[in-house]
Amino acid sequence: MISFELTEEQREIRDWVHEFAEREIRPVAAHYDETEEFPWPVVRKAAEVGIYGHEFLGQTFADPTGIMPALVAEELCWGCAGIALAIQGTGLPVAAIFNQGTPEQIATWIPACYGTPQEPALGAFCVTEPDAGSDVSSMRTRAVKKNGDWVINGRKIFITNGGIADVHVVVAAVDPDLGVRGQASFVVPKGTPGLRQGKKEKKMGIRASHTAEVLFEDVRVPSDCLLGGEERLEARIRRARSGEHSRSAVALKTFEATRPIVGAQALGIARAAFEFALQYAKERKQFGRPIIENQAIAFKLADMATEIEAARALIWRALWESRHGGEFKKAEGSMAKLKAGEVAVKVTEEAIQICGGYGYIRDFPVEKWHRDAKIYTLFEGTSEIQRLVISRAISE
Ligand SMILES: Cc1cc2nc3c(=O)[nH]c(=O)nc-3n(C[C@H](O)[C@H](O)[C@H](O)COP(=O)(O)OP(=O)(O)OC[C@H]3O[C@@H](n4cnc5c(N)ncnc54)[C@H](O)[C@@H]3O)c2cc1C
């Protein structure tokens with residue numbers, strides 16, 4: 001049976017998160033956009049009220065339809081995508097630990113990523129390198145086994161929460177000849193000698209989110225920091241060496257799982273811009289009547305509304321699919337992220353157009369939403385890479 005009706009619990013959580021976004025995030029969004037500071041007070045507040053942490057994540061993921069994480073992401077990003085990412089960015093390393101870790105690793109490291117309601121912590125997922133962006137197979141970071149420990153050397157760039165995280169999950173090549181199939185993920189706790197933050201990036205948008213280079217110089221971690229454990233890694237490498245087909249590229253698997261939720265973040269920005277532009281078009285008068293009475297403006301709004309609904313339908317469908325069918329069969333996660341990212345860019349651009357010159361001025365929030373939206377066609381797989389994944393899936 002297909003139903004788009006939200007359950008009472010889903011509505012309650014959505015409304016609660018929306019209220020938080022309206023009360024705690026929106027009023028400070030421009031400040032953090034301007035200063036590029038990490039919004040610790042908002043993250044602490046989120047932890048205090050229970051919107052941050054593994055218990056909350058577990059509660060939303062326990063939802064039988066699978067869409068609750070999207071409802072939460074949409075509302076937080078409706079408030080501000082940069083601040084929302086400061087709250088939700090830890091979800092990426094958590095997804096890696098959840099997908100790849102042993103039950104003991106999941107029980108230890110997921111709570112460590114979030115900390116406590118009194119002292120929230122952060123996680124970071126380190127994949128991208130200067131010469132390995134979309135092409136994860138060309139990764140140079142190496143992990144070598146020495147006297148029972150793993151020693152990691154390499155340089156990661158553009159890492160959300162990089163260097164300030166309490167837990168870094170780093171993907172490294174253990175058998176570089178095997179490309180992505182010779183890679184493994186390691187947990188590196190804060191304070192491990194040799195782990196340090198490099199350059200902090202200044203960005204076009206999502207400026208409240210911390211993005212930095214992370215350096216690994218002879219970082220030594222015990223073998224139980226290898227996600228999934230030694231036996232599983234050895235078996236995977238044996239299979240890859242014997243030429244057996246495998247879909248278990250560690251970094252790619254994590255991104256596949258998180259894509260619809262990333263799409264929901266983009267959707268939140270699009271909805272914020274649409275709502276603002278609609279209201280403005282009703283109020284702004286030119287030539288003696290509200291500008292919405294011009295078909296040119298009303299049709300823009302009609303397209304924006306339609307595109308938002310289409311993106312949401314793809315996101316919910318993908319999450320429903322992954323909840324009920326396990327892995328995506330036709331790249332539904334990529335479709336959802338592709339559509340939502342491009343809708344967010346288009347809708348925020350049209351919102352600026354509807355607001356005219358005011359839309360281009362920082363006193364109005366729409367130019368920020370446009371800058372924030374652009375990242376959604378770039379990170380966690382560019383739009384081109386999503387199209388590549390989809391084209392492969394439909395021709396399989
Ligand atoms: C704010 C921000 C936060 C980020 N957070 C993280 C993080 O937490 N962890 C992490 O590991 N990474 C993170 N990233 C990195 C991000 O995932 C990469 O930037 C992204 O994957 C693209 O890689 P690239 O920048 O090297 O671009 P490239 O891969 O060099 O791509 C350049 C252009 O070429 C296109 N292209 C490349 N290959 C193909 C192809 N085969 N076919 C068609 N077109 C192609 C791309 O689509 C793009 O348009 C973040 C980036 C930013 C900007």
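Trainee: What makes aspartate 149 and arginine 220 a salt bridge?

Mentor: In this predicted model, the closest N and O atoms of aspartate 149 and arginine 220 are 3.3 Å apart. The cut-off is 4 Å between a side-chain nitrogen of Lys or Arg and a carboxyl oxygen of Asp or Glu, so the pair qualifies. Aspartate 149 lies in strand β3 (residues 149-160) and arginine 220 in strand β7, so the salt bridge ties together parts that are 71 residues apart in sequence.

Trainee: Why is aspartate 149 called partly exposed?

Mentor: Its relative accessibility is 23%. Buried means under 20% and exposed means over 50%, so aspartate 149 falls in between. Arginine 220, at 39%, is partly exposed by the same reasoning.

Trainee: How do you know that arginine 207 and aspartate 33 form a salt bridge?

Mentor: Their side chains meet at 3.4 Å, N to O, and the limit is 4 Å, so the pair counts. Arginine 207 lies in the loop between β6 (195-200) and β7 (211-222), and aspartate 33 in helix α1 (residues 8-35). The pair therefore ties together parts that are 174 residues apart in sequence.

Trainee: Are arginine 207 and aspartate 33 buried or exposed, and what makes them so?

Mentor: Arginine 207 has 15% relative accessibility and aspartate 33 has 5%. Buried means under 20%, so both residues are buried.

Trainee: What makes glutamate 367 and arginine 371 a salt bridge, and where do they lie?

Mentor: The N to O distance is 2.9 Å, which is within 4 Å, so the pair is a salt bridge. Both residues lie in helix α13 (residues 366-374), four residues apart, about one turn of the helix. Glutamate 367 has a relative accessible area of 11% and arginine 371 has 12%; with buried set at under 20%, both are therefore buried. Salt bridges that share partners join these two into one network with Asp33, Glu34, Glu36, Arg207 and Arg362. The whole structure has 29 salt bridges.

Trainee: Why are α1 and α2 called roughly antiparallel?

Mentor: Two packed helices are described by the angle between their axes and the distance between the axes. The axes of α1 and helix α2 (residues 40-49) come within 11 Å and cross at roughly 170°. Angles over 145 degrees count as roughly antiparallel, so the two helices are described that way.

Trainee: Which residues meet between α1 and α2?

Mentor: Trp16, Phe20, Glu24, Ile25, Val28 and Tyr32 in α1 meet Pro41, Val42, Lys45, Ala46 and Val49 in α2. By class, this contact has nine nonpolar, no polar and two charged residues.

Trainee: Which residues touch the most other members of the largest nonpolar core?

Mentor: Ile87 and Phe186 do, among the 116 residues of that core. Helix α9 (residues 250-283) supplies the largest share, 13 residues. Leaving aside neighbours within four places in sequence, phenylalanine 186 is in contact with residues including Ala143, Trp150, Ile152, Val170, Val221 and Leu226.

Trainee: Why does threonine 7 count as partly exposed?

Mentor: Threonine 7 has a relative accessible area of 38%. That value lies between the limits of 20% and 50%, so threonine 7 is partly exposed. Threonine 7 is placed in the segment before α1. Threonine 7 and glutamate 384 are 377 residues apart in sequence and 36 Å apart in space, C-alpha to C-alpha.

Conventions: Residues are numbered from 1 along each chain as its sequence is written. This is a predicted model: local features need pLDDT of at least 70, side-chain atom pairs count only at pLDDT 80 or more; totals for chains, interfaces and linings use all residues. Side-chain values use heavy atoms; hydrogens and water are left out. A nonpolar core is a set of buried Ala, Val, Leu, Ile, Met, Phe, Trp, Tyr and Cys residues joined through side-chain atoms within 4.5 Å. Buried means under 20% relative accessible area, exposed over 50%, partly exposed in between (1.4 Å probe, protein chains only). Contact means heavy atoms within 4.5 Å. Axes are lines fitted to C-alpha atoms, for helices over the stretch in contact, and angles run from 0 to 180 degrees between N-to-C directions. Angles under 35 degrees count as roughly parallel, over 145 as roughly antiparallel, 65 to 115 as roughly perpendicular and the rest as oblique. Ala, Val, Leu, Ile, Met, Phe, Trp, Tyr, Cys and Pro count as nonpolar, Asp, Glu, Lys and Arg as charged, and the others, Gly among them, as polar.
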